[in-house]
Amino acid sequence: MARMKFICDAERCIECNGCVTACKAEHEVPWGVNRRRVVTLNDGVPGEKSISVACMHCSDAPCMAVCPVDCFYRTDEGVVLHDKDICIGCGYCSYACPFGAPQFPTNGTFGLRGKMDKCTFCAGGPEANGSEAEFEKYGRNRLAEGKLPACAEMCATKALLGGDGDVVADIFRTRVLNRGKGSEVWGWGTAYGKPATAGGAPAPAKEPTKS
Amino acid sequence: MKRALIVSAVLAAALGLVACGERSTGGKTPRKADSKVWQGTDNAYAAAGWKASDEAAWQEQMRVRAQSQNEYNRVR
């Protein structure tokens, strides 16, 4: 059974924001909501690195643990999804998430905070696969179409890899062996646990300070 | 007669109090059940090369698709 994961190769990311644009366009994400964004570490310092960040679909997701209405669930592929009909927009998940993934659209005269929105690994939500209702609430269900997330498939430098954890880790490992550097994967250890328990996954990153 | 009145008053009070009680949710979340991704969709955007509702075919499709991110397959 595939276990879906993201890897962002900081050696390759050129901060083009193609992944951000692909995500916004694919899912028609509203203004003010960014399911994915590019973060530059040590910005302005020689050797700065950029990484693309979104929900990592953690193995032991803290958002699931803190949700007071239990709106989250995990699919067989390890994708963490939520039911917007249950979400009350309290924001607890936002405080719990180490990646800042949960987003809250603001709308109306008083800027009311809406229901939480986040990366779905292009797997939609609990509505029928590919239905209009699913698209309206969660965006396109590319996994059910036999595709991988738009952000990863659109990445020009293939810095962002998405798919079965074993496969993407193997692709990344081959790269590291070829170039002989850049084995750090930012956020991998936080999201999926330590490599000793992750079946030969890449080494976790020494996480540098954010700019 | 008086006894019957008392009993009916008690029953009426008990029935009235039912409305004040909290409804049990049975400890279950009302969250909807999601369908499996390998069941596919009816829309016209599905990728070719695999058959919907076939889990093994979907898994293979994911493996093939993921390898499209591996440029070493092209340059070597």
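**Briefing: a predicted model of chains A and B**

Read along the sequence, chain B follows the pattern α-α-α, and its secondary structure comes to three helices and zero strands, where helices (H or I, at least four residues) and strands (E, at least two) are DSSP runs numbered from the N terminus. This is a predicted model, in which local features need pLDDT of at least 70 and side-chain atom pairs count only at pLDDT 80 or more, while totals for chains, interfaces and linings use all residues. Residues are numbered from 1 along each chain as its sequence is written, and chains are lettered from A and ligands numbered from 1 in the order in which they are written.

**Confidence**

- The model scores ipTM 0.86 and pTM 0.84.
- Chain B averages a pLDDT (the predictor's confidence in each residue, from 0 to 100) of 86, and 88% of the residues score at least 70.
- Within chain B, confidence is highest in α2(B), at a mean of 95, and lowest in α1(B), at 84.

**Chain B and its contact with chain A**

- Buried residues make up 17% of the 76 residues in chain B; a residue is buried if 20 or more other C-beta atoms lie within 10 Å of its own, exposed if 12 or fewer, and partly exposed in between, with C-beta atoms placed from the backbone.
- Helix α1 (residues 2-18) of chain B has 17 residues, which at 1.5 Å a residue should span 24 Å (1.5 Å times one less than the number of residues), and this agrees with the 25 Å between its end C-alpha atoms.
- Because the number of buried residues in α1(B) is zero, this helix lies largely in the open.
- The contact between the chains takes 31 residues from chain A and 29 residues from chain B, two residues being in contact if their C-beta atoms, placed from the backbone, lie within 7 Å.
- On the side of chain B that touches chain A, the largest share, seven residues, comes from helix α2 (residues 55-67) of chain B.
- That side of chain B divides into 11 nonpolar, 10 polar and eight charged residues, with Ala, Val, Leu, Ile, Met, Phe, Trp, Tyr, Cys and Pro counted as nonpolar, Asp, Glu, Lys and Arg as charged, and the others, Gly among them, as polar.

**The interior of chain A**

- The largest nonpolar core (a set of buried Ala, Val, Leu, Ile, Met, Phe, Trp, Tyr and Cys residues joined through C-beta atoms within 7 Å) has 56 residues, and those with the most contacts inside it include Cys151(A) and Leu160(A).
- Helix α6 (residues 165-179) of chain A gives the most to this core, with five residues.
- Among the residues that Cys151(A) touches, not counting those up to four places away in sequence, are Cys19(A), Ala22(A) and Cys23(A), which also belong to the buried residues of helix α1 (residues 18-27) of chain A.
- The cover over the buried residues of α1(A) includes β3 (49-53), α5 (150-154) and β8 (160-164) of chain A.
- Strand β8(A) is mostly covered, with five of its five residues buried, and five bridges join it antiparallel to strand β1 (residues 4-8) of chain A, a pairing that requires at least two DSSP bridges.
- In this pairing, Lys5(A) stands opposite Gly163(A).

**Individual residues of chain A**

- Asn17(A), in the loop between β1 and α1 of chain A, has a positive phi of about 65° although it is not a glycine.
- Glu28(A), which follows α1(A), also has a positive phi, near 50°.
- Arg179(A), in helix α6 of chain A, counts as exposed, with 12 C-beta neighbours inside 10 Å.
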